[in-house]
Amino acid sequence: MSLLVVLPDETAGLVLPEALAKALSGAGIDVLAVADCAGFARQVEALSPRQALIFLPLPTPALFDTLHSWAGVPPCALSLVSEPLSAAQHEELVALGVHAWMPAGAVDAGSLAAVIARARSRWQREAALRTELENLRTRMDERKWVDRAKGLLMSARGIGEDEAFGLLRGAAMHANLRLGEVSRSVIEAAQWADAINRAGQLRMLSQRLVRVAAQLLGGIDAQRARLLRTQSSERVQQNLDHLAALGLGAAGVEALAQAQAAWRGLADALTAKPTATGLADIDRRAEVLLEAAEALTEALETSGARRALRIVNICGRQRMRAQRLAKDALLAAALKEEAAKARLVPTMAEFEAALLELERAPLSTAEIRAALASARDEWLRLVGGVQALDSADGRATLVRSSEALVDTFERLTASYEHSLQVIMS
């Protein structure tokens, strides 16, 4: 038997008392090592004994310190041989994991063998109960994740419970993982996709708010513009608050802080009455928010570590480009900004390239293909509005089409976010 004997700290040379050595020998018990109370925990960690026999006149503070460090779950069976204990002492020691006790005056081979065997039996039983309890907790935790994942699949894909469970079980078998692990990954994938979608919305909203300010300055559908400004500002704050509540990791937290600071600067500028000078300032601040939102979205996509999330990001960025094109066109018309005018062609080229990539992507459904076809038609109308910018009808078309494209790509981004490939990636 692997037995560690613990003696009082003041024991010279840590030599076993004669009576104890004789009893251990008579019981056929070999001593692995001898330690004092101060070195008890270190010796248990170093030697991994099956049992420890604590031979003390009375429990000491050093012993209690060691027992407390194990939080009532010692790594081996513990037996205590001491002078008689009070009821309170005995209760405390049992709670701290001492499995058997015998009086020091009754030490003999038979009694010692019996108390050591009793301690070993109790420790094994407690270990088995802890294992059973841990397995039960694991199963309950897995059931929670499975139920949540089934609900997500049922809601996102419009399928029944049995089909959702079959998808999870098939994925678990394919990946050679536990069902709970796959279910948890499904929930996490959905959370990352939602976070990327929300961060991507910040890009679009930064450009929309400038476009709305330009509308107000130009008197283009002013009532609708004021309402949209309020709704967009509230949406920015809601998305920032939602993202702040997530565990984004160090890179995500830093990028979010930059976006929050950029939004505070833009929000302050939006409260002023629209003027040509103020509009230029709003545009500069919105560009800062756009850059911060881009960095945040990229950080989230990288943290998610799922290639399928890239399609959510690509689609979501189209919302921003539609608003950016309309914004720059209005700025070019209202402020005669050459920089804004110069951005029109590159933005149209970026939009067209991304739309082609989405149309060719294998991640597609009938619903997605129909939405992309609708986006293509609306995109052509938006380009027509840019080309007819000198007319009131052209500017009105520009505003309507940019909003229609945002709505279309909102639905498309949600479709990609809830697609089976993204959720099960």
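## Aromatic pairs

Here, a residue is called buried when its relative accessible area is under 20%. W70, at 16%, is therefore buried in this structure, which is a predicted model. F40 is buried too, because its relative accessibility is 0%.

How many aromatic pairs turn up? The count is three. In one of them, the ring centres of F40 and W70 are 5.4 Å apart and the planes sit at 80 degrees, so this pair is edge-to-face. F40 belongs to helix α2 (residues 40-47), while W70 is in the loop between α3 (61-69) and β4 (77-82), so the contact ties together parts that are 30 residues apart in sequence.

Another edge-to-face pair is made by F351 and F409, with 5.7 Å centre to centre and 90 degrees between the planes. This pair links distant parts of the chain, 58 residues apart: F351 is in helix α12 (residues 338-360) and F409 in helix α14 (residues 392-417). F351 and F409 are both buried, and they join W379 in one aromatic cluster.

## Salt bridges

Next come the charged side chains. The model holds 28 salt bridges. Take E161 and K150, whose side chains meet at 2.8 Å, N to O. E161 lies in helix α6 (residues 161-175) and K150 in helix α5, so their bridge ties together parts that are 11 residues apart in sequence. The two ends sit in unlike surroundings: E161 is partly exposed, with a relative accessible area of 44%, whereas K150 counts as buried at 10%.

D281 and R284 also form a salt bridge, at 3.6 Å from N to O. Both are in helix α10 (residues 276-304), and because they are three residues apart, about one helical turn separates them. D281 is partly exposed at 23% relative accessibility, and R284 is exposed at 52%.

R343 pairs with D283, and the closest N and O atoms are 3.7 Å apart. Here the bridge links distant parts of the chain, since R343 is in helix α12 and D283 in helix α10, 60 residues apart. D283 is buried, with a relative accessible area of 7%, while R343 is partly exposed at 22%. The pair is also part of something wider: salt bridges that share partners join D283, E287, R324, K327, D328 and R343 into one network.

## Cysteines without a partner

Why are there zero disulfides? The sulfur of C37 has its closest cysteine sulfur in C76, 14 Å away, which is too far for a bond. A disulfide needs the two sulfur atoms within 2.5 Å. Looking from the other side, C76 finds its closest cysteine sulfur in C37, again too far at 14 Å. C37 is buried at 1% relative accessibility, and C76 is buried with a value of 1%.

## A buried asparagine and a nonpolar patch

N197 sits in helix α7 (residues 179-218). Its relative accessible area is 7%, so N197 is buried. Leaving aside neighbours within four places in sequence, N197 is in contact with V312, R319, T413 and E417.

Out on the surface, L133, L136 and M140 form a nonpolar patch, with about 280 Å² of accessible area together. L136 is in helix α5 (residues 109-157) and counts as partly exposed because its relative accessibility is 39%.

How values were computed
Residues are numbered from 1 along each chain as its sequence is written. This is a predicted model: local features need pLDDT of at least 70, side-chain atom pairs count only at pLDDT 80 or more; totals for chains, interfaces and linings use all residues. Side-chain values use heavy atoms; hydrogens and water are left out. Patches are made of residues with over 30% relative accessible area and no salt bridge: like charges are joined within 9 Å, nonpolar side chains (Val, Leu, Ile, Met, Phe, Trp, Tyr) within 5 Å. Accessible areas come from the Shrake-Rupley method with a 1.4 Å probe; for residues, only the protein chains shown count as cover. A salt bridge is a side-chain nitrogen of Lys or Arg within 4 Å of a carboxyl oxygen of Asp or Glu. Helices (H or I, at least four residues) and strands (E, at least two) are DSSP runs, numbered from the N terminus. Buried means under 20% relative accessible area, exposed over 50%, partly exposed in between (1.4 Å probe, protein chains only). Rings of Phe, Tyr and Trp (its six-membered ring) pair if their centres lie within 6.5 Å; planes under 30 degrees apart count as stacked, over 60 as edge-to-face and the rest as tilted. Contact means heavy atoms within 4.5 Å.
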